[in-house]
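Reader: I should like a close look at one part of this model, with its surroundings treated as one connected picture. Please set out what touches what, and state the reasoning wherever a residue is assigned to a class.

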Amino acid sequence: MASLATAVFLVTYALMSTAGLTASCAFMLPVAVHPNRNEFGSGYLRIPDMTRAGFWLNTFSIVIITIVIYFYLPCVWGIDITDSPDAFRK
């Protein structure tokens, strides 16, 4: 993510924190998080039930993370996410 951020002239913190947060927001399948595996293993839930509920959780997470990274992160860290200090400059 750091090299991609540098290539597209973004601050590396913005892209790396986005990737880290979104990687921990997988709610649709049993392999995503430990509680999902336990509930699926009980036999009372099927994969379609889990994907139906997990789809909305994933969608909600995408919206919230986008808002947090785009608006809140620059305020807290005092950076401009579109002006990369480590981008290629001549």
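Author: Two residues are in contact here when heavy atoms of the two lie within 4.5 Å. The model is a predicted one, and the part chosen for the close look is helix H4, which covers residues 47–77, together with the residues that meet it.

A convenient approach is from the loop between H2 and H3, where Ala26 is located. Once residues up to four places away in sequence are set aside, Ala26 touches Ala32, Val33 and Asn58. Of these partners, Asn58 falls within the range of H4, 47–77. Ala26 has a relative accessible area of 33% and is therefore classed as partly exposed, since that class lies between the limits of 20% and 50%. Phe40 follows Ala26 by 14 residues in sequence, and the two C-alpha atoms are 15 Å apart in space.

Ser61 belongs to helix H4 itself. Its relative accessibility is 12%, so Ser61 counts as buried. Beyond its neighbours within four places in sequence, Ser61 is in contact with Cys25 and Phe27. Phe27 also appears among the contacts of Asn36, a residue of helix H3, which comprises residues 34–41. With residues up to four places away in sequence left out, Asn36 touches Phe27, Leu29, Pro30 and Met50. Phe27 is thus a contact of Ser61 and also of Asn36. Met50, another partner of Asn36, has a number within the 47–77 range of H4. Asn36 counts as buried because its relative accessibility is 15%. Tyr13 lies 23 residues from Asn36 along the chain, and their C-alpha atoms are separated by 30 Å.

Charged side chains come next. Side chains of opposite charge can pair when their charged atoms come close. The structure holds two salt bridges. In one of them, the side chains of Asp49 and Arg46 meet with an N to O distance of 3.6 Å. In the other, Arg52 meets Asp49 at 3.4 Å, again from N to O. Because Arg52 and Asp49 are three residues apart in helix H4, about one helical turn separates them. Through shared partners, these salt bridges join Arg46, Asp49 and Arg52 into one network. The members of this network for which accessibility is given fall into separate classes: Asp49, at 22% relative accessibility, counts as partly exposed, whereas Arg52, at 52%, counts as exposed.

Part of H4 also carries an annotation. In an unreviewed UniProt entry, residues 53–73 are given the feature "transmembrane region". In the model this span is 100% helix and 0% strand, and its end C-alpha atoms lie 29 Å apart. Ser61, described above as buried at 12% relative accessibility, has a number that falls inside the annotated range of 53–73.

Helix H4 contributes as well to the largest pocket, which holds about 180 Å³ of space. Its lining consists of 12 residues, and those nearest the centre are Ala14, Thr18, Ile69, Tyr70 and Ile81. H4 provides the largest share of this lining, with five residues. Helix H2, residues 12–23, and helix H4 each supply at least two lining residues. Sorted by class, the lining comprises eight nonpolar residues, four polar ones and no charged ones.

The N-terminal side of H2 leads finally to helix H1, residues 2–7, in which Ala5 is found. Ala5 has a relative accessible area of 0% and so is buried. Apart from residues up to four places away in sequence, Ala5 touches Leu10, Val11, Thr12 and Leu15. Ala5 and Leu15 are 10 residues apart in sequence, with 6.2 Å between their C-alpha atoms. Thr12 and Leu15 have numbers within the 12–23 range of H2, the helix that shares with H4 in lining the largest pocket.

Conventions:
Residues numbered from 1 in each chain as written. Predicted model: local features only at pLDDT ≥ 70, side-chain atom pairs only at ≥ 80, totals over all residues. Heavy atoms only, no water. 1 Å grid on protein atoms, 1.4 Å probe; cavity = no way out; pocket = protein on both sides within 12 Å on 5 of 7 lines; lining within 4 Å. Points joined across faces, edges and corners; volume = space filled by probe spheres on them. Helix = DSSP H or I, 4+ residues; strand = E, 2+ residues; numbered from the N terminus. Nonpolar A, V, L, I, M, F, W, Y, C, P; charged D, E, K, R; others polar. UniProt positions renumbered as here; feature names shortened; annotations may be inferred. Buried < 20%, exposed > 50% of the residue type's maximum accessible area, 1.4 Å probe, protein only. Salt bridge = Lys/Arg side-chain N within 4 Å of Asp/Glu carboxyl O.
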